[in-house]
Amino acid sequence: TLVSALIKGNSAFVVNVGDSRCYVVRDDKITKVTKDHSYVQDLVDSGFLTEEEAETHPEKNSITRAVGFDYNMTPDAFYVPFFDFLVLCTDGLTNMVDKEEIKSIILDKITLDSAVEKLIDKARENGGLDNITVAL
């Protein structure tokens, strides 16, 4: 899976494929920018599951798009006009640390490098069941 951002000033152009995510932290709020390309997200979009049910669904890691799987695959693209912090991460983080705790760690008045280390450590402490990648 892939999430990437081109940043200029306090705005960004974000693309994603699969279930790697981008979050924006702004004005003490955290918001998911990207949408997972997964079977469970399709169920949410169809109204069969709520976002809350999707977080614990046993098939949540069944992705419907991935880099290198289909050469005609198109990533989703998003424009982020303003942000205080931009978080790019794999599901190894978001499956182990909820978004409110991610926000809290980022806003803890520590350096960006320290925040990334703390997020990865927290995901490991909570089980670390998958690869954990974070860019802030």
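In this predicted model, strand E1 pairs with strand E2 (residues 11–17) in the antiparallel sense, and seven bridges join the two. One of the pairs to look for is Ile-7 with Ala-12, its bridge partner in E2. These two strands belong to an open sheet of three, arranged in the order E1-E2-E5 with antiparallel pairing. Strand E1 (2–8) and strand E5 (76–80) are the edge strands, each pairing on one side only. From one strand to the next, the twist averages 15 degrees.

Leaving E2, the chain enters the loop between E2 and E3, where Gly-18 is found. Gly-18 counts as buried, because its relative accessibility is 0%, and the cut-off for a buried residue is under 20%. Neighbours within four places in sequence aside, Gly-18 is in contact with Thr-1, Lys-35, Asp-36, His-37, Ile-63 and Arg-65. A useful distance for finding one's way around runs from Gly-18 to Lys-29: these residues are 11 apart along the chain, and their C-alpha atoms are separated by 24 Å.

A second open sheet can be traced next. Its four strands follow the order E4-E3-E6-E7, again with antiparallel pairing. Strand E4 (29–32) and E7 stand at the edges with a single partner strand each, so one side of each has no neighbour in the sheet. Strand E3 (residues 21–26) pairs with E6 in the antiparallel sense over five bridges. Along this pairing, Tyr-23 has Val-87 of E6 as its bridge partner, while Cys-22 stands opposite Leu-88 in E6. On to the next pair of strands: E6 and strand E7 (residues 134–135) are joined in the antiparallel sense by two bridges. Leu-88 appears here too, with Ala-135 as its bridge partner in E7. Strand E6 (residues 85–89) is itself mostly covered, as four of its five residues are buried.

Two residues in the loop between E3 and E4 deserve a closer look. Asp-27 lies in this loop and has a positive phi of about 50 degrees, although it is not a glycine. Asp-28 is placed in the loop between E3 and E4 as well, and its phi, near 65 degrees, is likewise positive in a residue other than glycine. As background, most residues other than glycine have a negative phi. Asp-27 counts as exposed because its relative accessibility is 55%, and Asp-28, with a relative accessible area of 52%, is exposed too; the cut-off for an exposed residue is over 50%.

The helices come next. Helix H4 lies across E3, E4 and E6, and runs at about 130 degrees to E4. A pair of packed helices is described by the angle between their axes and the distance between the axes. For helix H4 (residues 99–106) and helix H5 (residues 112–125), the axes come within 9 Å and cross at roughly 145 degrees. The crossing of H4 and H5 is right-handed. On the H4 side, the contact is made by Glu-101, Ile-102, Ile-105 and Ile-106, and on the H5 side by Ala-115, Lys-118, Leu-119 and Lys-122. By character, the residues of this contact divide into five nonpolar and three charged, with no polar ones.

Several of these elements come together in the largest nonpolar core. In soluble globular proteins, nonpolar side chains tend to be buried together. Here, the largest core has 17 residues, of which Leu-93, Ile-102, Leu-119 and Val-134 touch the most other members. The elements that give two or more residues to this core are E3, E6, H4 and H5. Of these, H5 gives the most, with four residues. What does Leu-119 contact beyond its neighbours within four places in sequence? The contacts of Leu-119 are with Leu-93, Val-97, Ile-102, Ile-105, Ile-106 and Val-134. A second, separate core has 10 residues, and Val-14, Cys-22, Leu-86 and Leu-88 are included in it. Cys-22 and Leu-88 are thus familiar from the sheet, where Cys-22 stands opposite Leu-88 in E6.

Technical notes: Residues are numbered from 1 along each chain as its sequence is written. This is a predicted model: local features need pLDDT of at least 70, side-chain atom pairs count only at pLDDT 80 or more; totals for chains, interfaces and linings use all residues. Side-chain values use heavy atoms; hydrogens and water are left out. Buried means under 20% relative accessible area, exposed over 50%, partly exposed in between (1.4 Å probe, protein chains only). Two strands pair if DSSP finds at least two bridges between them. Axes are lines fitted to C-alpha atoms, for helices over the stretch in contact, and angles run from 0 to 180 degrees between N-to-C directions. A crossing is left-handed if the near helix is turned anticlockwise from the far one by less than a right angle, and right-handed if clockwise. Contact means heavy atoms within 4.5 Å. Ala, Val, Leu, Ile, Met, Phe, Trp, Tyr, Cys and Pro count as nonpolar, Asp, Glu, Lys and Arg as charged, and the others, Gly among them, as polar. A nonpolar core is a set of buried Ala, Val, Leu, Ile, Met, Phe, Trp, Tyr and Cys residues joined through side-chain atoms within 4.5 Å.
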